[in-house]
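Please look over the sequence and the structure shown here. A short briefing follows, grouped by topic.

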Amino acid sequence: VTLKIFDGYGTVKEERPLERADLLKSSGEVRKLEVMKLSSRHPHRDVASPLASKLKFAGFLDEEAWVAEAMALAGTLDSGSGRPFYQMLRAGPRKRLHFDPMDPKSCAAIVCCGGICPGQNVVIRGIFHMLKSYGAEHVFGVKSGFDGMTDESHWIKLEEQMVQDIHSYGGSILESQRGDAKHVEMAKMLKMQNCKQLFIVGGDGAHKGTLQLATALEDAEHECALVAIPSTVDNDIPFVESSFGFDTACTEARDCISAAYVEATCNANCIGLVKLLGAGSGFLALSAALAGRNVDLCLLPEMVIDLQKTLDYCEVLMASKGYAVIVVADGAKESLFRLAGLPPEGDVGPWLRDKILARFKEKGKPLTIKYIDPTYMVRSVKATAYDSAYCSALAEYAVHGAMAGFTCITVVQRYQRYIYLPIHACVAGGQKRVNTLGRWFARMLFTTKQPMLEPAGFEYTSNSEMVDLTLMSTPLTLGGLLQAGSSIQRMECVNLGDKFESKKLPSPLKEMLRVQSHRQLFIQPDGWTTQTFIRSGSSDTAAKTYLQLRRCGASELIHFDTTEPDAAAAIVTCGGLCPGLNNVIREIVNMLTAYGVKKIYGIIGGYKGCVQDETWVELTPETVKTIHKTGGSILVSDRGNPPHSEIAKVLARRKIRQYFVLGGDGTHKGAMQSFEAMQEINHECAVVGVPKTIDNDITIVDRTFGFDTACTEARKAIDSAYVEATTNANCVGLVKLMGRHCGWIAATATIAARNVDVCLIPEMDISLPKLMKYVAEVMKRKKYCVIVVAEGCGDTIISSSGETDAGGNMKLADVGVYLKEEITRHCKENKIPVSIKYIDPTYMIRAVPANAFDSIYCSILAQMAVHAAMAGFTGISVGKVDERYVMLPVHSIVDKGARKVDLSGFAFERLMATTSQPSFAP
């Protein structure tokens with residue numbers, strides 16, 4: 001195994017054998033997490049999977065299919081500083097099964113425990129359909145949680161018509177419930193029903209109960225696979241990046257905060273106060289505050305809060321602004337009540353409201369408080385597109401795991417891969433909590449600008465996730481993770497300090513952070529992270545290449561002197577519009593201001609505007625304060641490139657020291673040309689890109705900003721097409737979506753909607769006669785049909801003209817109109833009555849404000865871009881790779897081609913399973 005080191009321009013500067021110290025610190029350790037198998041206690045039936053004839057694309061995994069956590073030389077602060085990196089079993093179908101899924105004497109069951117959560121119905125539906133794909137005859141839903149499992153009348157046999165449309169509704173058709181479970185009686189009922197697979201949807205308590213049930217099943221000598229799916233809007237389960245329902249809850253909570261902002265700013269002397277769920281963990285309140293970008297004070301359960309300091313700050317806010325927005329998590333009452341000498345019972349929202357009102361009345365100051373308590377509103381709604389697609393994947397992987405005989409596992413996503421995790425790992429260390437010395441908490445403080453509210457003399461200690469899993473894991477060597485011939489490619493970044501003398505000044509951000517968090521929050525020189533090591537099975541012996549990238553974040557010393565006279569920064573947006581552009585612009589301005597940059601320009605009209613003096617406008621935190629609430633770009637994005645040598649001269653003349661470029665592949669190429677031109681004229685300027693495209697087709701990065709919002713809007717169009725198709729006689733609902741070269745939007749929106757019959761993406765080979773024949777069959781059978789087609793099929797199903805636009809993109813033929821005409825013609829020829837309701841939301845899905853997910857993502861990307869620039873890095877872009885924010889040399893992402901949907905991957909397999917469409921290949 002070799003280490004190949006590339007300089008910032010893409011040239012190999014060193015190649016040598018890989019050493020352990022290249023990946024891990026001396027104290028670093030890699031361990032394999034073991035999962036429980038029923039075959040250790042019960043006979044393995046070794047049944048061939050019925051999916052063998054159905055898995056046309058992705059294939060099967062085996063016991064050697066694993067994922068190893070992304071290794072970092074820098075500390076893994078918020079995910080557990082000092083803990084080992086784990087190799088974990090990949091989730092997916094196995095070729096040989098522990099159970100005979102077609103055994104008519106056995107059954108499977110689903111139960112929902114704890115509070116309801118957006119997406120529970122999507123999971124129930126997904127589990128049911130995957131069990132049916134395996135050939136399971138009896139599938140039960142158990143009402144009333146674990147309590148209901150002991151009552152046979154609560155076991156409801158699920159049928160297709162019962163679950164068909166439940167994903168469109170919030171809550172759970174199985175009536176989730178809390179309560180003290182009777183595990184012995186539950187085990188007896190499972191044995192009596194001969195239940196062989198039990199799926200538990202729930203949070204921390206449900207996971208603990210599952211382990212107790214496993215013990216009871218052993219005592220009862222009954223064989224049953226227990227598979228959990230993490231469900232909680234609090235997102236407080238250790239080792240789980242994001243539990244399903246959390247995105248939806250954040251979206252709803254952000255809307256409530258927006259309402260509080262409107263009330264606060266449109267009423268005289270007003271505070272908008274919002275109380276959110278979060279008894280033990282503040283992730284929901286923190287994330288909603290970050291997504292809203294207009295919260296002045298956020299109080300979390302993890303914080304120790306002095307009431308008097310809180311009231312004092314409320315006075316400061318009202319005196320300086322005349323309004324304020326405050327968010328308080330339910331669990332913040334623990335410290336507020338305790339320090340006030342009160343019992344822990346009670347509602348913190350009205351209590352805090354009354355305390356604030358009493359203070360202002362005492363001081364004779366006018367005040368009104370508009371109190372919003374959306375508590376259960378944030379969890380009782382239909383899942384967002386993100387959560388819907390996520391739930392579908394979790395449900396399918398849960399069934400695969402149960403059929404393979406794994407037990408006492410939970411299905412989670414880590415580092416963008418689905419894995420089976422021992423339930424013990426989720427419950428051994430208690431709840432996952434916000435680390436008050438970590439990066440997420442620091443981001444919240446930067447966003448709200450709230451002061452330290454702890455009692456005098458109090459200091460936080462780290463409460464990051466740290467669970468001892470030694471007993472359920474075994475040590476591994478790096479040799480066991482990397483196949484012979486593999487290569488680690490370290491991507492170094494160009495730094496202006498290589499050519500210009502660095503000022504090496506202390507970061508102005510140090511004053512904003514607690515002293516005890518400095519070492520943890522500032523990125524160290526050895527801050528490298530390596531892509532996740534992965535293996536698809538025992539037959540996967542080929543050498544692999546992994547990238548090692550520099551972690552992105554604030555540096556303790558900065559390259560620039562922000563007091564330099566006349567120095568400035570500039571921002572430009574290029575290419576097509578994208579949800580979140582204004583969020584990025586806003587946060588770049590705010591972070592540059594925090595660093596002390598005095599003058600910040602926005603360039604109107606893309607690269608063309610760079611060479612026109614009248615298109616340069618000055619930006620301040622005040623001018624960008626509310627732009628994140630609107631779609632598009634205040635800088636008016638455009639395509640086309642003037643000579644970059646001319647752009648470089650303008651940047652030099654205006655003394656631009658930091659230049660931020662927001663765009664896609666072509667934009668990044670242009671940024672690199674501008675950087676090289678500035679090098680030639682000896683102008684010292686950091687050039688940093690932020691990758692932007694709703695198509696999600698940039699290689700390496702996990703996802704591009706705006707994609708999630710686009711999928712959310714695209715699903716709305718599909719839902720409308722479904723309504724039209726099902727409530728008009730003999731109707732086809734046809735939707736055309738964006739996606740020039742790849743089908744990520746169409747595929748993801750289809751999986752999220754769950755009601756599409758045909759989805760066509762540019763990656764597919766499509767025979768028009770086969771497609772027409774299938775549409776006709778669907779219309780005869782169902783009397784309606786929903787079809788989604790990506791615009792890029794305008795160059796596959798039909799031929800485009802070959803013309804290009806100003807940005808060099810090919811002009812595509814309109815495949816939506818073409819399909820509408822072809823379907824109408826074909827049905828008429830075959831005497832099939834049909835009406836077609838055609839929906840083309842093309843630009844609607846991108847011309848909207850960023851949703852909660854993208855709002856947070858955009859803000860962090862913007863902050864990372866500024867951190868990188870202030871540290872002197874240049875010729876780079878910033879992105880998220882395997883859940884870590886990194887710097888990407890521009891050469892590593894341009895000219896790599898579009899990232900396309902892999903027709904042999906599980907995402908495409910999931911798409912085909914969702915629509916049940918056949919292959920349309922010629």
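**Overall fold**

Among contacts in the protein (heavy atoms within 4.5 Å) between residues at least 6 apart in sequence, 80% join residues at least 24 apart. This is a predicted model, in which local features need pLDDT of at least 70 and side-chain atom pairs count only at pLDDT 80 or more, while totals for chains, interfaces and linings use all residues. Residues are numbered from 1 along each chain as its sequence is written, and side-chain values use heavy atoms, with hydrogens and water left out.

**Size and surface**

- The protein has 24 helices and 40 strands; these are DSSP runs, numbered from the N terminus, with helices (H or I) of at least four residues and strands (E) of at least two.
- The radius of gyration, taken over C-alpha atoms, is 28 Å, which agrees with the value near 29 Å for a compact globule of 922 residues. The globule rule is 2.2 Å times the number of residues to the power 0.38.
- Along the principal axes, the C-alpha atoms fill a box of roughly 80 × 75 × 60 Å.
- Of the 922 residues, 63% are buried. Buried means under 20% relative accessible area, exposed means over 50%, and partly exposed lies in between (1.4 Å probe, protein chains only).
- The accessible surface comes to about 33100 Å², and 51% of this belongs to carbon and sulfur atoms. Accessible areas come from the Shrake-Rupley method with a 1.4 Å probe, and for residues only the protein chains shown count as cover.

**Cavities**

- The structure holds 4 cavities of 30 Å³ or more. A cavity is a set of points, on a 1 Å grid over the protein atoms alone, where a 1.4 Å probe fits but cannot get out.
- The largest cavity holds about 80 Å³ of space. Grid points are joined across faces, edges and corners, and a volume is the space filled by probe spheres set on the points.
- Its lining consists of Phe560, Asp561, Thr562, Glu564, Ala567, Ala568, Val597, Lys598, Arg657 and Gln658; lining residues have an atom within 4 Å of a point.
- These lining residues divide into 4 nonpolar, 2 polar and 4 charged. Ala, Val, Leu, Ile, Met, Phe, Trp, Tyr, Cys and Pro count as nonpolar, Asp, Glu, Lys and Arg as charged, and the others, Gly among them, as polar.

**Helix H7**

- Helix H7 spans residues 283–292, and 10 of its 10 residues are buried.
- Among the buried residues of H7 are Phe283, Leu286, Ser287 and Gly292.
- The cover over these buried residues includes helices H6 (246–266), H13 (439–448) and H23 (852–870), together with strands E14 (270–276), E15 (297–299) and E16 (323–329).
- Arg293, just after H7, takes a positive phi of about 60°.

**Other residues with positive phi**

- Most residues other than glycine have a negative phi.
- Ser144 is not a glycine, yet has a positive phi of about 70°. Ser144 lies in the loop between strand E10 (139–142) and helix H2 (145–148), and counts as buried at 10% relative accessibility.
- Lys783 is not a glycine either, and has a positive phi of about 70°. The loop that holds Lys783 runs between helix H21 (768–782) and strand E36 (784–790). At 47% relative accessibility, Lys783 counts as partly exposed.

**Buried positions and their contacts**

- Leu190 is in helix H4 (residues 183–192) and is buried, with a relative accessible area of 0%. Leaving aside neighbours within four places in sequence, Leu190 is in contact with Met149, Trp155, Cys195, Leu198, Leu213, Leu217 and His222.
- Leu190 and Ala109 are 81 residues apart in sequence, with their C-alpha atoms 9.0 Å apart in space.
- Ser335 belongs to helix H9 (residues 333–339) and is buried at 1% relative accessibility. Not counting residues up to four places away in sequence, Ser335 touches Met303, Val304 and Ile305.
- Asn755 is in the loop between helix H20 (744–753) and strand E35 (758–760). Asn755 is buried, with a relative accessible area of 9%. Its contacts, leaving aside neighbours within four places in sequence, are with His167, Ile718, Asp719, Tyr722 and Val786.

**An exposed loop position**

- Gly479 is in the loop between strand E21 (473–476) and strand E22 (487–491), and is exposed, with a relative accessible area of 61%.
- Gly479 and Ile836 are 357 residues apart in sequence and 59 Å apart in space, C-alpha to C-alpha.

How values were computed. 1 Å grid on protein atoms, 1.4 Å probe; cavity = no way out; pocket = protein on both sides within 12 Å on 5 of 7 lines; lining within 4 Å.
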